[in-house]
Amino acid sequence: ISLDNLPEPGVGWPLFLLIALLVAVPILEVWLLIKVGQQLGLLPTILILIAEATIGVLLMRHEGSRAWRALNDAFTNGKVPTGELADAALILVGGVLLMLPGFLTDIIGFLFLLRWTRPVARKIIAFFVARRINRLGIPVMRARLDTENLIEGESVEQQPANGRKHNDPVIIAGEIEEP
């Protein structure tokens with residue numbers, strides 16, 4: 001294979017990368033399985049793979065139910081569930097990777113499933129997605145301050161009154177006067 005036949009950056013790279021990963025990852029997994037099997041023996045290697053898959057299923061069920069509750073809470077509170085959707089997707093992919101036999105996919109699966117490593121995985125993926133969007137020249141909507149329609153005011157922190165809970169929405173009554 002010559003490097004002249006590789007697609008130009010931005011044109012066919014995602015498909016080329018996917019095909020390369022689909023070929024390289026199984027080869028690397030088999031190599032790792034053989035190396036670990038040579039060091040530990042066949043039975044311990046198989047037992048480790050079964051234990052990892054079992055832990056992965058249990059962890060996926062636990063974290064998946066937490067992600068589902070967080071997603072429902074976000075919808076209930078009227079919040080856009082971007083982080084919750086990303087977590088749910090990472091948990092699903094992490095669980096599938098843990099169920100596949102192999103050590104490399106297990107490491108990535110645990111990175112996606114564990115509560116304290118998932119934000120790191122989410123940031124890494126967001127970085128690559130943002131870079132790809134930037135390279136493709138897709139316009140991204142960004143929030144900006146509209147100084148022409150800015151209303152000056154002040155806020156006063158008060159304790160909830162009338163039996164209202166602290167999380168209930170605050171209604172501010174008032175008038176806007178034009179200068």
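**Exercise 1.** Is E84 buried or exposed, and what is its relative accessible area? Then find its salt-bridge partner.

*Solution.* The model is predicted.
Step 1: E84 has a relative accessible area of 14%. Buried means under 20%, so E84 is buried.
Step 2: The salt-bridge partner of E84 is K79, with 3.1 Å between the closest N and O atoms.
Step 3: K79 is partly exposed, at 47% relative accessibility.

**Exercise 2.** Determine how many salt bridges the whole structure holds, then trace those made by D87 with R118 and with R122.

*Solution.*
Step 1: A search of the whole structure gives five salt bridges.
Step 2: D87 and R118 meet through their side chains at 3.7 Å, N to O. D87 belongs to helix α3 (residues 82-99) and R118 to helix α5 (residues 118-136), so this salt bridge ties together parts 31 residues apart in sequence. Both residues are buried.
Step 3: Between R122 and D87 the closest N and O atoms are 2.3 Å apart. This pair also links distant parts of the chain, with R122 in helix α5 and D87 in helix α3, 35 residues apart.
Step 4: D87 is buried at 17% relative accessible area, whereas R122 is partly exposed at 28%.
Step 5: Through shared partners, salt bridges join E63, D87, R115, R118 and R122 into one network.

**Exercise 3.** Examine E29 and decide whether its charge is paired in a salt bridge.

*Solution.*
Step 1: E29 sits in helix α1 (residues 13-40).
Step 2: E29 is buried but has no salt bridge. The nearest side chain of opposite charge belongs to K35, 14 Å away; the cut-off for a salt bridge is 4 Å.
Step 3: Neighbours within four places in sequence aside, E29 contacts P101, G102, F103, L104 and T105.

**Exercise 4.** Compare the span of helix α2 with the expected value and list its buried residues.

*Solution.*
Step 1: Helix α2 (residues 42-76) has 35 residues. From first to last C-alpha it reaches 50 Å, close to the 51 Å expected at 1.5 Å a residue.
Step 2: The buried residues of α2 are T45, L49, E52, G56, L59, M60, E63, A67, L71 and A74. An α-helix has 3.6 residues a turn, so residues three or four places apart point the same way.
Step 3: After α2 comes G78, with a positive phi near 75°.

**Exercise 5.** Locate the aromatic pair and classify its geometry.

*Solution.*
Step 1: The whole structure contains one aromatic pair, formed by F127 and F128.
Step 2: The centres are 5.3 Å apart and the planes differ by 70°. Angles over 60 degrees count as edge-to-face, so the pair is edge-to-face.
Step 3: F127 is partly exposed at 48% relative accessibility, and F128 is partly exposed at 47%.

Technical notes. Residues numbered from 1 in each chain as written. Predicted model: local features only at pLDDT ≥ 70, side-chain atom pairs only at ≥ 80, totals over all residues. Heavy atoms only, no water. Phe/Tyr/Trp six-rings, centres within 6.5 Å; stacked < 30°, edge-to-face > 60°. Buried < 20%, exposed > 50% of the residue type's maximum accessible area, 1.4 Å probe, protein only. Helix = DSSP H or I, 4+ residues; strand = E, 2+ residues; numbered from the N terminus. Expected span 1.5 Å × (residues − 1). Lys, Arg positive; Asp, Glu negative; His and termini not counted. Contact = heavy atoms within 4.5 Å.
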